[in-house]
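Me: Got a minute to go through this one with me? I have the sequence and the coordinates open.
Reply: Yes, put them up.

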Amino acid sequence: MTDGREGPLVVTIDGPAGSGKSTTAKEVARRLGFRHLDSGALYRAMTVAVMRADIPEGEWDTLDREALSQFEVELAPTEEGFLVLVRGKDPGEDLRSVETTRLAPFLARNRWVRQNLTEFQRSALSFGDLVVDGRDMGTIVFPNAGLKVFLTASLEERSRRRLLQEGKPLDEKSIRQEALRISKRDETDTDRAVAPLKKPMDALEIDTTDLSFETQVVRIVAVALALTREATEK
Ligand code: CDP
């Protein structure tokens, strides 16, 4: 598919923690027949690799390009998207563990990590049209994307969704504790010097607090299709 630009069409979906970016991006990609790339999975995989190498957290900011090459994080194409590999293997449950989730933002502020993973993300374009989700997809990695979306939802709603996803109880105390974890992560992602989380200027912002999953997916797919239709009619 093309939107009249050179090369594949890219749809970026950015947003804060727990805003439903990955599940939305995956479904949007499926309906459009594009590949899905979850950039957060790359940051998680690099975090798993660094943790497995027993590098103390205090040294993460000093890791440079050369040090990073030893971790052997890779992207492998699958039918629908990409699999992240650490030393040639699927990192398994470690990828989504509570510890990885907590620590990933601290590694993600290292500029060499970002540069390295940005190259991976751009290389995914060689497989064709993409729906990518993350924090800096529309601002840094794919600034010329055909469609940029910024997903938000209230902190309480994001906490509820995260607990639901993890099969945890939805009582008030758990929601409050999860909200605290999420807002700490948002703070680290928003305050970092390199590629901070922010809404791309030309993004379509969708507040999903009161929207069903189906409605938000349909809305994004409709805009993407209109864009490609417009381009072919030109
Ligand atoms: O899905 P969730 O919002 O929990 O996070 P994720 O997308 O899996 O990303 C995990 C962490 O990786 C984030 O908290 C960010 O610190 C980092 N990340 C990033 O810095 N830039 C991206 N493009 C994607 C993720």
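**Helices and sheet**

Me: What span should the 20 residues of α8 have at 1.5 Å a residue, and how far apart are its end C-alpha atoms?
Reply: The expected span of α8 is 28 Å, counting 1.5 Å a residue over its 20 residues, and the end C-alpha atoms lie 28 Å apart, so the two agree. Bear in mind that this is a predicted model.

Me: Which residues of α8 are buried?
Reply: Ser174, Ile175, Glu178, Ala179, Ile182, Arg185, Asp186, Thr188 and Asp189.

Me: And what do the buried residues of α8 pack against?
Reply: Three helices: α2, α4 (98–107) and α7 (155–165).

Me: Take isoleucine 182. Where is it found?
Reply: Isoleucine 182 sits in α8, which covers residues 172–191. Its relative accessibility is 1%, and it counts as buried because the cut-off is under 20%.

Me: What is isoleucine 182 in contact with, leaving aside neighbours within four places in sequence?
Reply: Ala17, Leu155, Arg158, Ser159 and Arg162.

Me: How far apart are isoleucine 182 and alanine 17, in sequence and in space?
Reply: In sequence they are separated by 165 residues; in space, their C-alpha atoms are 6.2 Å apart.

Me: Switching to the sheet. What is the strand order?
Reply: The order is β2-β5-β1-β6-β7, with 5 strands in an open sheet and parallel pairing.

Me: Which strands stand at the edges?
Reply: β2 (35–38) and β7 (204–207). Each has a single partner strand, so one side of each has no neighbour in the sheet.

Me: What does the twist average?
Reply: From one strand to the next, 20°.

Me: How many bridges join β6 to β7?
Reply: There are 4, and the two strands run parallel, with β6 covering residues 147–152. In one of the pairs, leucine 151 is matched with isoleucine 206 of β7.

Me: What does helix α2 lie across?
Reply: Helix α2 (residues 39–52) lies across β2 and β5 (130–134), and its direction is at about 40° to β2. α2 is also one of the helices that the buried residues of α8 pack against.

Me: Last one, glutamine 216. Buried or exposed?
Reply: Buried, at a relative accessible area of 3%. Glutamine 216 belongs to helix α9, residues 213–233.

Me: What is glutamine 216 in contact with, again leaving aside neighbours within four places in sequence?
Reply: Thr24, Leu151, Thr208 and Leu211. Leucine 151 came up earlier as the bridge partner of isoleucine 206 in β7.

Terms used. Residues numbered from 1 in each chain as written. Predicted model: local features only at pLDDT ≥ 70, side-chain atom pairs only at ≥ 80, totals over all residues. Heavy atoms only, no water. Pairing = 2+ DSSP bridges. Axes fitted to C-alpha atoms, helices over the stretch in contact; angles between N-to-C directions. Contact = heavy atoms within 4.5 Å. Buried < 20%, exposed > 50% of the residue type's maximum accessible area, 1.4 Å probe, protein only. Expected span 1.5 Å × (residues − 1).
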